[in-house]
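Subject: Structure handover

Hello,

Here is the structure I promised to pass on. Please open it alongside this note; my findings follow below.

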Amino acid sequence: MLSRRVELFVESVIRDMTRLSLKYDAINLAQGFPDFPAPEELKRTAASAIMEDYNQYSITWGAKDLRAEISQKARKYNHIEYDPESEITVTCGSTEAMMASMLALINEGDEVVVFEPFYENYGPDAAVSGAVPRFVPLDDDYGIDEDALASAFNKKTRALILNTPNNPSGKVFTKGELKLIADLCIDNDVIVVTDEIYEHILYDDRKHISIASLDGMGDRTITISGFSKTYSVTGWRIGYALAEKNLTSAVRKVHDFLTVGAPAPLQHACVAALRFPDSYYEELARMYDGKRKLLYNALTKAGFGCQMPEGAYYILADIPEGVDMDDMDFARYMVSKVGVAAVPGSSFYRSKKGRHKLRFTFSKKDETLMEAARRLERLNV
Ligand code: PLP
C-alpha cells in the first residue's frame, strides 16, 4: 500500500542513534548539533522579531533583506555573484535546499554521481527524486581516483553531488580536485549540486573554495549552505540555494509547494547573523579546532584509528583492532555499555568499507567531550 519510493530507504540512522542515546542516557556524539548555547545576539534578534510581529509568511523564496545579505556574503566569501531577486532561494535548512534541487533537476532514471563516503541524506534525496546514484569511492586518504570518477559519467548523468568541507570524512576538496570535477561536469553537461554547510569550519589555515567560482561553473552549479552549523542554530531550519535564473526558478517552484517558506522571524535574525564581524568566524574555527584535538586524542587513546579532519566537525574512525563486532553491533554496544553514542559507518557507505567505522561529532562542549573521553577509557579492547 505504500509507495515504491519509500521502500528505497530507511529512517535516518543518525537520528535513530540520538533516540538510543537518550534511552541509555549516553553522551550523544552521533548527531551533529551543538550542546552549547547559540550566540546571544541571534537569540535576542529572533525573540524581538516575534514580538515585532514578523509572524506571517515571508516571500516564498525568502525575505528580501535576507536574500540581499546572502548575495553580499556569497560575493565576499564564496567569490560568486547571484542576483537576490532571481537567483537566491531561502529554504527550510540546506536539507530542503538539496531535496528541492534534486526534484527540480532529476527525471526518473537520471544518474547522479556521489562520492563515497557520503552524507546520509544523499541516498534518500536520490531515491525520492528518482535518481540512480553512482557512487565513486574515495581512496583511504579521501583522494579522488581520477579514472573511477571519469568512468562514472555517461549519457544519463544529470548531476554530481559535492560536499566540502565533508561530512563524514572531514575532507576539504582542493582547488585541483574541484577543477577536475568541474572539467568533467562541463565536458559531460552535468550540474553540480554542492553542499557547503561547513564552509566556515576549516582547520590549519585551509581556505574554502566554492566550485561555482571556477571558470564555466557559475551557471551549472547549485550552491547550498545554511545557518545551522555556522551559527549553532540547527533547530531554526534556515538554509539557501544559489543558482542561475532558470535553475533557481525550478528550485523555487518545488520549494513553494513543499514548504511555502522558511520561518519568517528566524529569517529576520539570520540577517543579523550575516552581519557578524570576521572575528566571529575566526573564533568559531578556533573553538572547533580545540574540540577536534580533544576528540582525536580521546579516540586514538581508546584504540580507534583516526585521521585529523581538515574541516567540518566529525571524525570518521576505524573501529579498534581486536573488536569482534561490525559497526552496527559496536555502535549499539558503545551507546548501551560505554555510554557514548556514535553513528555506524555503513550509514555513509554503500560498500562494505563502512562496517569497520564509526562517526563521532565534536560539536559539543569541552566538558561533554571530556566526559566522553573518560567513558571511552572504559573500552577495554
Ligand atoms: N548537509 C550536511 C553535509 C550535513 O552534515 C548536515 C547536517 O548534519 C546538513 C546538510 C543539514 O543541514 P540543515 O540543518 O541546514 O538542513
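Start with helix α4. Its buried residues are L66, R67, E69, I70, S71, K73, A74 and N78. Keep in mind that this is a predicted model.

What do the buried residues of α4 pack against? Their partners are two strands, β2 (88–91) and β8 (239–242), and two helices, α9 (245–259) and α10 (264–274).

The helix itself covers residues 64–78, 15 residues in total. From first C-alpha to last, α4 reaches 20 Å. That is close to the 21 Å expected at 1.5 Å a residue. Right after α4 comes H79. The phi of H79 is positive, near 60°.

Now the ligand. There are 14 residues around it, and S94, T95, D195, Y198 and S228 come nearest. By class, the shell holds 5 nonpolar, 6 polar and 3 charged residues. Helix α5 (residues 93–105) supplies the largest share of that shell, with 3 residues.

Three polar side chains are worth a look:

- Y198: a polar side-chain atom sits 2.6 Å from a ligand oxygen.
- S94: an N or O atom of the side chain is 2.7 Å from a ligand oxygen.
- N167: here too, a side-chain N or O atom is 2.7 Å from an oxygen of the ligand.

How much of the ligand's accessible area does the protein cover? On its own, the ligand has 400 Å² of accessible area, and the protein covers 92% of that.

Best wishes

How values were computed. Residues are numbered from 1 along each chain as its sequence is written. This is a predicted model: local features need pLDDT of at least 70, side-chain atom pairs count only at pLDDT 80 or more; totals for chains, interfaces and linings use all residues. Side-chain values use heavy atoms; hydrogens and water are left out. A residue is near a molecule or strand if one of its heavy atoms lies within 4 Å of it. A polar contact is a pair of N or O atoms within 3.5 Å; within protein, one must be able to donate a hydrogen and the other to accept it, and residues adjacent in sequence count only if both atoms are side-chain atoms. Accessible areas come from the Shrake-Rupley method with a 1.4 Å probe; for residues, only the protein chains shown count as cover. Helices (H or I, at least four residues) and strands (E, at least two) are DSSP runs, numbered from the N terminus. Ala, Val, Leu, Ile, Met, Phe, Trp, Tyr, Cys and Pro count as nonpolar, Asp, Glu, Lys and Arg as charged, and the others, Gly among them, as polar. The expected span of a helix is 1.5 Å times one less than its number of residues. Buried means under 20% relative accessible area, exposed over 50%, partly exposed in between (1.4 Å probe, protein chains only). Contact means heavy atoms within 4.5 Å.
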